[in-house]
Amino acid sequence: MHKIDLEATREFNPLGMKAIVLHDSEFFKILNFNLKAGALFPIHSHDLDGQLSILVIEGEGEFLADNELTMSAKTGDMLISDIREPHGVKATTDMRIVVTIAPPI
């Protein structure tokens, strides 16, 4: 076991998005993305079976999907999706998300 202090990863890139790998194993991967207000984590998908979660740990914005579908996203909200399903995030305020991907990519 080990503990991760997410406050220690509270770093923002003034140009948009900062990515930090929190955990990477053969079973799953966890990343912390910190997005400046207005930054876009573009809609994308991956050609493999599996699932992912996106947990908002700070800020507000929108979860993005195919066909211009959006869902509000605020601190405490979590999106769960198949990896093949198009997904993305747009930050309205400075926003921090934790993404878990299984299996890891």
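## A tour that starts at T9

Begin by selecting T9, which, once its neighbours within four places in sequence are left aside, is in contact with I20, L22, N32, N34 and R96. Keep in mind from the outset that the structure on your screen is a predicted model.

**First stop: T9 and its partners**

With T9 still selected, find its place along the chain, which is in the segment before strand 1, the strand that covers residues 17-24. Is T9 buried or exposed? Its relative accessible area is 10%, and because buried means under 20%, T9 counts as buried. Now show the side chains of T9 and R96, where you will find a polar contact between the two side chains at 2.9 Å.

**Second stop: N34**

Move next to N34, one of the residues in contact with T9, and notice that N34 belongs to strand 2, which is made of residues 29-35. How accessible is N34? Its relative accessibility is 0%, so N34 counts as buried. Which backbone atom does the side chain of N34 reach at 2.7 Å? It is the backbone oxygen of T9, the residue where this tour began. The side chain of N34 also makes a polar contact with the side chain of N32, at 3.0 Å. If you then show the residues that N34 touches, not counting those up to four places away in sequence, you will find T9, R10, E11, F12, G16, M17, K18, I20, M95 and R96.

**Third stop: the whole chain**

Zoom out now and switch to a cartoon view, in which the secondary structure of the protein chain comes to 9 strands and 0 helices. Read from the N terminus on, the elements run β-β-β-β-β-β-β-β-β. The radius of gyration of the chain is 13 Å, close to the 13 Å that the globule rule gives for 105 residues, so the chain is as compact as a globular protein of that length. Turn the model about its principal axes, along which the C-alpha atoms fill a box of roughly 35 × 35 × 25 Å.

If you switch to a surface view, the protein chain exposes about 6200 Å², and carbon and sulfur atoms supply 54% of that area. Of the 105 residues, 35% count as buried, and T9 is one of the buried residues. Colouring by charge brings up 9 positive and 16 negative side chains, and the centres of these two sets lie 7 Å apart. How much of the contact between residues at least 6 apart in sequence joins residues at least 24 apart? The share of such contacts is 65%.

**Fourth stop: D24 and the end of the chain**

For a pair of residues far apart in sequence, select D24, which is found in strand 1, together with P104. These two residues are 80 residues apart along the chain, and their C-alpha atoms are separated by 7.3 Å. Leaving aside its neighbours within four places in sequence, D24 is in contact with K29 and P104.

While you are here, select P103, whose place is in the segment after strand 9, the strand that covers residues 95-102. What kind of peptide bond joins A102 and P103? It is a cis peptide bond, with omega at about -5°. Most peptide bonds are trans, and most residues other than glycine have a negative phi.

**Fifth stop: the loop with N67 and E68**

Follow the chain to the loop between strand 5 (60-64) and strand 6 (70-74), where you can select N67. N67 has a positive phi of about 60° although it is not a glycine. Its relative accessible area is 73%, so N67 is exposed. E68 lies in this loop between strand 5 and strand 6 as well, and E68 likewise has a positive phi of about 60° although it is not a glycine. With a relative accessibility of 78%, E68 counts as exposed.

**Last stop: I43**

Keep E68 displayed and add I43, whose place is in strand 3, made of residues 40-44. I43 and E68 are 25 residues apart along the chain, and their C-alpha atoms are separated by 9.8 Å. I43 has a relative accessible area of 41%, and it is therefore partly exposed. To finish, show the residues that I43 touches, not counting those up to four places away in sequence, which are L64, A65, P86, H87 and G88.

Note on methods: Residues are numbered from 1 along each chain as its sequence is written. This is a predicted model: local features need pLDDT of at least 70, side-chain atom pairs count only at pLDDT 80 or more; totals for chains, interfaces and linings use all residues. Side-chain values use heavy atoms; hydrogens and water are left out. Helices (H or I, at least four residues) and strands (E, at least two) are DSSP runs, numbered from the N terminus. The radius of gyration is taken over C-alpha atoms; the globule rule is 2.2 Å times the number of residues to the power 0.38. Buried means under 20% relative accessible area, exposed over 50%, partly exposed in between (1.4 Å probe, protein chains only). Contact means heavy atoms within 4.5 Å. Accessible areas come from the Shrake-Rupley method with a 1.4 Å probe; for residues, only the protein chains shown count as cover. Lys and Arg count as positive and Asp and Glu as negative; His and the chain ends are not counted. The place of a charge is taken as NZ of Lys, CZ of Arg, CG of Asp or CD of Glu. A polar contact is a pair of N or O atoms within 3.5 Å; within protein, one must be able to donate a hydrogen and the other to accept it, and residues adjacent in sequence count only if both atoms are side-chain atoms.
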